[in-house]
Amino acid sequence: MLKSKSFVKKTRKGGVIKIVREHYLRDDIWCGSEACSQCKQDSFVLEKAPSVASDKCNFPHYILPDTNVVLHQVDILEDEIIKNCILLQTVQQEVKHRSLPAYKRIQGLTTNSDKKFYVFSNEYHKETFIERLGGETANDYNDRVIRKAATWYSQHLEKNGENVPKIVLLTNDRANREKAKNEGIIAYTVHEYVQSLTDKPYLVDRLAQLAKDENDKEKVDQDIKTGKGRNVLYPEHLNLAAIQKGIKEGKYKQGTFLSSRENFREGYVSIPGEEKMYFIKGLANQNRVVSNDTVAIEVLPKSKWTCPSSLVEVDENVDPEAENSLENDEETTSSVVNSSAQPTCRVVGVIKRNWRQYCGTLEPPSMKGGSRHLFKPAEKRIPKIRIETRQAESLLGHRIIVTIDSWPRNSRYPVGHFVKNLGKIGDKDTENEVLLLEHDVPHATFSETVLSFLPKMPWVITEEDLKVRTDLRWLDICSVDPPGCTDIDDALHCRSLDNGNLEVGVHIADVSHFIQPGNALDEEASNRGTTVYLTDKRIDMVPDLLSSNLCSLRGGEERFAFSVLWEMTKNAEIIETKFMKSVIRSRAALTYEEAQLRIDDKSQSDAVTTSLRNLLALAKILKKGRLDKGALVLASPEIRFNIDSETHDPIDVQEKMIRETNSMVEEFMLLANTSVAKKILKDFTKSALLRRHPVPPPSQYEMAIKAALSRGFKLEIDNGLALSQSLDKAVMEDNPLFNTLLRMLTTRCMTQAVYFSSGTVPEEDFFHFGLASPIYTHFTSPIRRYADLMVHRMLAVAIGYSEVYPELLNSEKMQDICKNLNYRHKMAQYAGRSSVELHTHIFFRDKVTIEDGYILFIRKNALQVFIPKYGFEGTLYLKEKGKDSIFTYNEQEPSQSAGHIKFRLFDKVLVQISTETTNLQHQRLRLQLVQPEVPGFSVPRTPASSSRKEDEEPPAKKLKQK
Amino acid sequence: MSGLELLSDQGFRLDGRRPRELRKIECKMGVFQQANGSAYIEQGNTKALATVYGPHEVTGNRSKIEHDKVLINCQYSMATFSTGERRSRSTGDRKSQEMQLHLKKTFEAAILTQLYPRSQIDIYVQILQADGGNYSACVNAATLAIIDAGIPMKDFVCASTAGFVSDTPIADISYLEESQGGPELVVALLPKSDQIVEFQVNSRLHLDNFEKVLDMAIKGCKDVHAVLTRVVKDHVGQLASKMSKT
Amino acid sequence: MASTQLSDGEKTFIIHGVLDNLRNDGRTCENYRQIEVECGVVSNTSGSSRLRLSNTEVLVGIKAEMGQPKPQSPKTGFLEFFVDFSANASPEFEGRGGNDLSEDMSTRFAEVFQTNNILDFESLCIIPGQCCWVLYIDIVLLECGGNLLDAMSLAVKAALANTRIPKVTVLRDSEGGEDIEVSDDPDGYHTLEISKVPLFVTLSKIGQKHVVDATLEEEACCSASLVVSVNSSGDFTGMVKKGSSSLSNDSIHDMLVTAKKVGIQLHKGLDTLLSEVGQSTAGRGFLVG
């Protein structure tokens, strides 16, 4: 019954509506400490005698961090040495409010039983709740609440006798610390506390390098104002209110800063809605912003406009103490007022930082010793970062991760702290890790909490399960996948019905059965969004137990599935569509090749084979119907590396084979996806998760139209059907690859297909252009795509199998999910490509090969050449920097010619491929022309196993230097 | 899940209650003198007033007269200032009409209607402040008012709500919890016989969880019953002591 | 209005009593019945009060919402009155039963409160011509025991005294865009100056004399009445005659004299009561007693 002893009303005025909420205070919230005998708690989190060697707190104690400490020093809290921590509800809520990523990380800590983090619901506790006083700021109130809880804890524990743990309040706010001390609370800054931990001296490295004391910052600012401080290098930033005011008045503009790759003193700011970017020159004008920060700029008067210096300038400085000047900043910015001057601006303030963790390397120190070092990020657009570390020796030559904490006005470089050592440069694992980090792919091992939501093994199908599911184990179902696939999420069957029709079933792994909405497992999967496939590695969206076992529809094993059954005529006309949760037993997990062999082998006539033959026949009809409607057949190069089983280095490359069975499986997946999309839209008109592919605007086709025209073909772009037909017609007798290349170009003109919530877009825009389908979604790969999992949940509700939960009906939330999924998918694609690139580089590391290539683009100073055998394209430079080209560029045609040799689009060339070794961080493949021979430019046809020496001293260079 | 966390990992709801706890209930009978019966109830921040007039002759349209039982006439209204944003009128909107109908059905099932043929009982309820569970507050207030009027009923009618959040049924949901879009189950119960006289589910709720949520709502009704019984006993006790003094 | 049926005998009794300055409940002609008042009973309003005048009971809730100033006075906020004749007070008011009365009384309040200096309307203005506070004053009649207007005006004054208007700051820029920020400080509100708020005093003519604060029975005997609004210093801010019969010049004069005297006392009495209940925002409502 009612346990509340008393209650206070909290009044919150939002807008003008007075909202009154009840707030019950309780006396049944326990302290969570094993040392306490008063609380009637069944289990404890905090240890009875916590021991940690600290020369400041040499007594058993629990730490109690305040909001800012938790927010900024999660890296510290995550360290294994930090245990027995009291996390106040107030702190937790505030952290959640201010930074969701930080909140998620501390959630991970509280659920990790080793960490012994106890969440104390202080705001519901009768003795720790206090009301905000009139005139008190929200911050002061929070600090007071935290102190109140600390005091309560101390007094509460003291009642249990001597030697009970004490409470150590960690706060970097000096005023708060002083008040705490006056109230008899032991309080330290995190820095003091971490430094006092004698067992873990290196932990100091991971401290965020904010001003040691929050109040010190004010002091520095004070010093700057009074001129007492050290050199001030940068102008002050305006505060947010002033910026907003300025933007409203049109004095400032808001945009995203992007540093130049070539010159660290130069950068651009792109303003949403304005085509032209604004130029920024000089570090002082950039004023401590980092690429991707949202900034406020002021456009300089025309007299101060300038232009990029066309200088490639790399920050060569390696001295971390170089903080006295911005060296020659003014000199190089000395404005060149001429006709080429661009609109130039300066940064006046920061609206939102977009700092993340950066991969990179430590600069070799200019002098031995000292703990300050410079870190050079792999991404050229990011400035060097100053960090403090005592383990510099061991970090040299390694890839490390560093995060930026702040950028004070008197520091030439941003200040950050060391987070993690990834491993040696050039090591494949290290490079993979870099690749994942740079593409923001969450790839940490699944946390204990996440794993705790997995089903307990051994997993068996129970009677209850069978009651609510349709038993389809008697059907001859099989799966068809690429070789080596362990996450099988789809299986198929086809059988003849008595009425002469066929029953076709698509059975999809029932992942939503194992992942309940809202739990940690679900949130993790939702955040990951997709499984990421690298050439030699797979980053799972869900833990292995699910992806490769319980959800994987392996041959011969009983598995839960979500089935779509169609009754079809032999002409593939759908009579009826049914959806059901089922239990299936796949008869065989086949590869595309095996399936193809079975179909082709006339001697086989078992149930699975017959069903495959029927499926193939239906698929062909379906495909034809789709193509007739204007679905596009597009092309993108796909290759597979054969990986050495021991070194895991690629030893051979082969193009992916496309068999009839590939497109057979694809056809039924498309059909299932479309059927499901229709079904869920009916029940979730406003919040169905669908996928659309916007019709590209005609202007986007320009490049492809021009290319086709150069060979006398006309691309029709009025609609999908016309485009598809005109592509079909574009065939050149003497160039068999021409059609594929043109399709590749056309593919690049397309916009990306995206997930969206049905409530956010008018129905006519649901169209999927590539598939020529009015509605589409993803249903068939729930193991590796979160979108499919959501769709499963919707379908389960739509067929009355499970209940709806609020989020499924909330269009905005669905759109948020879609936004993340779209981002993750894009990043996963990029990561995949980078991985192929990485392997291509490793593959060519010690090789020089000569291959066929086709010209895809013609640029002013280069040809873009596609190498079909390896599925990549590279740049063939026609001119060295600073030298005149021997080629004449014709932009109209387009072509490049030298003498009687003329390069046109789609021309076949022979190129030599080798690796450029100058830049460690960014290796590049170098292409050189072999055929047609251009005197003074092309290289002679050399044997594939050319020596390293030649590689270092390319013949082209020699020739040119003559 | 983003947004409001209705149930914290520590097992507390936004207002500090545990899932099974009701809000604080306070009530008073006999708040007015002119009406035959009246009562006022507060369930947390939801405040309702009920008055009962009758049994009396049927007013208005005589065709409404029922020959074998009493006509129950209900009006539900919400004070214009009862909600967060001011309402433009207090009665007559669709929701009120619906609520009126529900109340009528609820009390037709509980009042011994056959005792007063050809007459009428008016039950007027008004929400003075709305913070979730308006229907249950009205039913509970009306029950007290009917008892105050001395009209015989089969049993108390006790109403309560239950919701379902993160796999946990929660009792007596507040406006904030109502507005998050989860399922809401409303039950009016005759507690002694465990008969459900009114029952309503908003939003989807899976059958597997239905039992749990219904149990929670019924438990809520019984807790309400305990409170109401005590109030009635106190009230009667006071009346008795007043009478003995005079 | 809730009618009471009286026999001729009963009427005569009341009329004769009034002549002797002794009314059937023991009061003199110029006495009010007992007043109970309480503030802050509805917590989600900006101000509220519950007032009981013997068995007349009124609940007032005031909500301050942002609205657009009226074009004729762009620099002031304004009040909106609504009187709800709840069916709780009498079955007669069920459905549309109370609409006419409601209209009548809402208008009466609106007219009297239009006078410029009653409240500091200018303090209710946020952005001239664009945004101001609108105080929605909603009066719910809960029990009907005669002399409704007087009771309502008492309750309105009490609720106004209880009203807290959030402090807002207007962030302005040169382009005319404005942003309104509401203070989140627990003390970030201001109260209204209510010393000039008038009260209604209804004088009912019974026989040759008149009484104040007539009960339902007395109202049944009354043929004409005068409603006078009086402020705390005894000035009249408005008056209107009601009822079917006529009043002579002399009796109006007598009535006004009484109104002034009683009005001042009434204000004093209410102010004393209000200072006792104080500015409390957490009323116990109907649970008292």
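Colleague: In strand 36 of chain A, which residue is the bridge partner of A:Ile850?

Modeller: This is a predicted model, in which local features need pLDDT of at least 70 and side-chain atom pairs count only at pLDDT 80 or more, while totals for chains, interfaces and linings use all residues. Residues are numbered from 1 along each chain as its sequence is written, and chains are lettered from A and ligands numbered from 1 in the order in which they are written. Strand 30 (residues 849-858) and strand 36 (residues 908-916) of chain A run antiparallel and are joined by 6 bridges, strands being DSSP runs of E with at least two residues and helices runs of H or I with at least four, numbered from the N terminus. Within strand 36 of chain A, the residue bridged to A:Ile850 is A:Gln912.

Colleague: Which strands of chain A stand at the edges of the sheet ordered 32-31-30-36-37?

Modeller: This open sheet of chain A holds 5 strands with antiparallel pairing, where a pair requires at least two DSSP bridges. An edge strand has a single partner strand, so one of its sides is left without a neighbour in the sheet. That description fits strand 32 (872-877) and strand 37 (924-931) of chain A.

Colleague: At what angle does helix 26 of chain A run to strand 36 of chain A?

Modeller: Helix 26 (residues 811-844) of chain A lies across strand 32, strand 36 and strand 37 of chain A. Angles run from 0 to 180 degrees between N-to-C directions of axes fitted to C-alpha atoms, for helices over the stretch in contact. Relative to strand 36 of chain A, helix 26 of chain A runs at about 85°.

Colleague: In strand 35 of chain A, what is the bridge partner of A:Gln896?

Modeller: An open antiparallel sheet of chain A has 3 strands in the order 33-34-35. Strand 33 (888-890) and strand 35 (901-904) of chain A are its edges, each with a single partner strand, and the twist from one strand to the next averages 20°. Strand 34 (residues 895-898) and strand 35 of chain A are antiparallel and share 4 bridges. In strand 35 of chain A, A:Gln896 is bridged to A:Phe903.

Colleague: Is helix 2 of chain B roughly parallel or roughly antiparallel to helix 4 of chain B?

Modeller: Helix 2 (residues 134-149) and helix 4 (residues 207-245) of chain B have axes 11 Å apart and pack at about 30°. Angles under 35 degrees count as roughly parallel, over 145 as roughly antiparallel, 65 to 115 as roughly perpendicular and the rest as oblique. Helix 2 of chain B is therefore, with respect to helix 4 of chain B, roughly parallel.

Colleague: How many nonpolar residues does the side of chain A that touches chain B have?

Modeller: Chain A and chain B bring 27 residues each to their contact, which requires C-beta atoms, placed from the backbone, within 7 Å. On the side of chain A, strand 2 gives the most, with 8 residues. Besides 6 polar and 7 charged residues (Asp, Glu, Lys and Arg charged; Ala, Val, Leu, Ile, Met, Phe, Trp, Tyr, Cys and Pro nonpolar; the others, including Gly, polar), the nonpolar number is 14.

Colleague: Which strand of chain B gives the most to the side that touches chain C?

Modeller: Chain B and chain C each put 26 residues into their contact. Strand 1 (25-29), strand 3 (46-57), strand 4 (71-78) and strand 5 (119-129) of chain B each supply at least two residues of the side of chain B. With 5 residues, the one giving the most is strand 5 of chain B.

Notes:
Two residues are in contact if their C-beta atoms, placed from the backbone, lie within 7 Å.
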